[in-house]
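User: I'd like to learn how to read the two faces of a helix. Could you walk me through an example?

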Amino acid sequence: MSKITTAKLRKFNVFMAALHAAQGLIVLVISKNFQLPVNGTYLQFNQLTQSLEPTTTKLFNMHFVWLIAGFFFLSAAAHLIIATVYNKTYNANLAKGINKARWIEYSISASTMIVAIAMLVGVYDASSLVMLFGLTALMNLLGLVMETHNQKTDTLNWLSYWLGCLAGAIPWVVIAFYMWLGAANGSKAPTFVYWIYVSIFIFFNCFAINMVLQYKKVGKWKDYMYGERAYIILSLVAKSLLAWQVFGGTLRP
C-alpha cells in the first residue's frame with residue numbers, strides 16, 4: 001500500500017464529504033415522516049390525594065429524518081472544512097499527532113447518533129436525552145484531551161482515555177436497561193433495534209481500539225496518518241450503518 005500523504009488525505013476528505021452529503025440528501029428525499037415525542041416531567045399537586053405526583057407533558061415531536069440526515073450533514077461539513085479552509089492547520093496538527101477537528105465533529109455527530117438510538121428504545125425524556133448527548137460529547141472531547149495532553153508529556157498518560165471510556169459506556173448501559181425493561185414487561189423492541197445496538201456498539205468501540213493502536217504504534221499504526229484514515233472510514237461506516245438500519249426499520253415508506 002502506498003504511503004498516506006497529506007495530499008491524498010485531502011482528496012479523501014473531499015470524497016468523504018460527498019459521500020456523507022449524498023446519503024443525507026437521499027435520506028431526506030426518500031424517507032417518510034416518522035416522529036417520536038420528546039417529553040418533560042414535572043411534579044403536580046393532586047387535590048384528591050393531597051400529594052405531589054409526577055406528570056409528563058410532550059414538549060415537541062422529533063422528526064427522525066432530520067436526526068439521521070443531521071449527522072450526515074455535520075460530517076460532510078467537517079470533511080469539507082478540513083479539505084479547504086482548515087487544511088493547512090489540519091496537516092500541521094497531523095504531523096504532531098493530533099486532529100482537533102475530528103473530536104469536535106464527533107462530539108456532535110456521535111452524540112446525535114446516541115440520541116437516535118436511545119429514542120428507538122423508548123428514552124423520550126428531554127433531560128435524559130440531553131444527558132446522553134452530553135456524556136457522548138464528553139467521551140469524544142476527552143479524546144481531544146488525550147491527544148492534546150500527550151503533546152506535552154514524554155510518557156503517555158492514559159487517564160483521559162479511560163475517563164472517556166467510562167463516560168461513553170454509560171449511555172450504552174442506559175439504552176440496554178431500557179431494552180431489558182421493555183422486554184421484561186412484554187414490550188420487546190423490534191429486532192432491527194437490537195441489530196442497531198450491537199453493530200453501532202461494536203463500531204464505537206473500534207474508535208477506541210484505533211486510538212490504542214495509534215498510541216501503541218502497532219504495525220501500520222506507527223504512522224499517525226494511517227490511524228487518521230481509519231477514523232475517517234470508521235465514521236462513514238458507523239453513520240451509514242445506523243442510518244440505513246433506521247431507514248429500514250422506521251423511515252422506509
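Analyst: Happy to; we will take one helix and look at its covered side, then its open side. Keep in mind that this is a predicted model.

User: Where does helix α1 run, and what span should its 25 residues have?

Analyst: Helix α1 covers residues 6–30. At 1.5 Å a residue, the expected span is 36 Å, and the end C-alpha atoms are 36 Å apart, so the two agree.

User: How do I read a pattern of buried residues along a helix?

Analyst: An α-helix has 3.6 residues a turn, so residues three or four places apart point the same way. Here, the buried residues of α1 include Leu 9, Phe 12, Asn 13, Met 16, Ala 17 and His 20. Further along, Gln 23, Gly 24 and Val 27 are also among them.

User: Which helices cover those buried residues of α1?

Analyst: The cover includes α2 (64–83), α3 (87–96) and α8 (224–251).

User: Is His 20 buried or exposed?

Analyst: His 20 has a relative accessible area of 0%, so it counts as buried, the cut-off being under 20%. Leaving aside residues up to four places away in sequence, His 20 touches Phe 72, Ser 75, Ala 76, His 79, Ser 235, Leu 236 and Lys 239.

User: And is Val 29 buried or exposed?

Analyst: Val 29, also in helix α1, is exposed because its relative accessibility is 70%.

User: Which residues make the nonpolar surface patch?

Analyst: Val 29 joins Ile 26, Ile 30 and Trp 244 in a patch of about 360 Å². Helix α1 gives the most to this patch, with three residues.

Note on methods: Residues are numbered from 1 along each chain as its sequence is written. This is a predicted model: local features need pLDDT of at least 70, side-chain atom pairs count only at pLDDT 80 or more; totals for chains, interfaces and linings use all residues. Side-chain values use heavy atoms; hydrogens and water are left out. Helices (H or I, at least four residues) and strands (E, at least two) are DSSP runs, numbered from the N terminus. Buried means under 20% relative accessible area, exposed over 50%, partly exposed in between (1.4 Å probe, protein chains only). Contact means heavy atoms within 4.5 Å. Patches are made of residues with over 30% relative accessible area and no salt bridge: like charges are joined within 9 Å, nonpolar side chains (Val, Leu, Ile, Met, Phe, Trp, Tyr) within 5 Å. Accessible areas come from the Shrake-Rupley method with a 1.4 Å probe; for residues, only the protein chains shown count as cover. A salt bridge is a side-chain nitrogen of Lys or Arg within 4 Å of a carboxyl oxygen of Asp or Glu. The expected span of a helix is 1.5 Å times one less than its number of residues.
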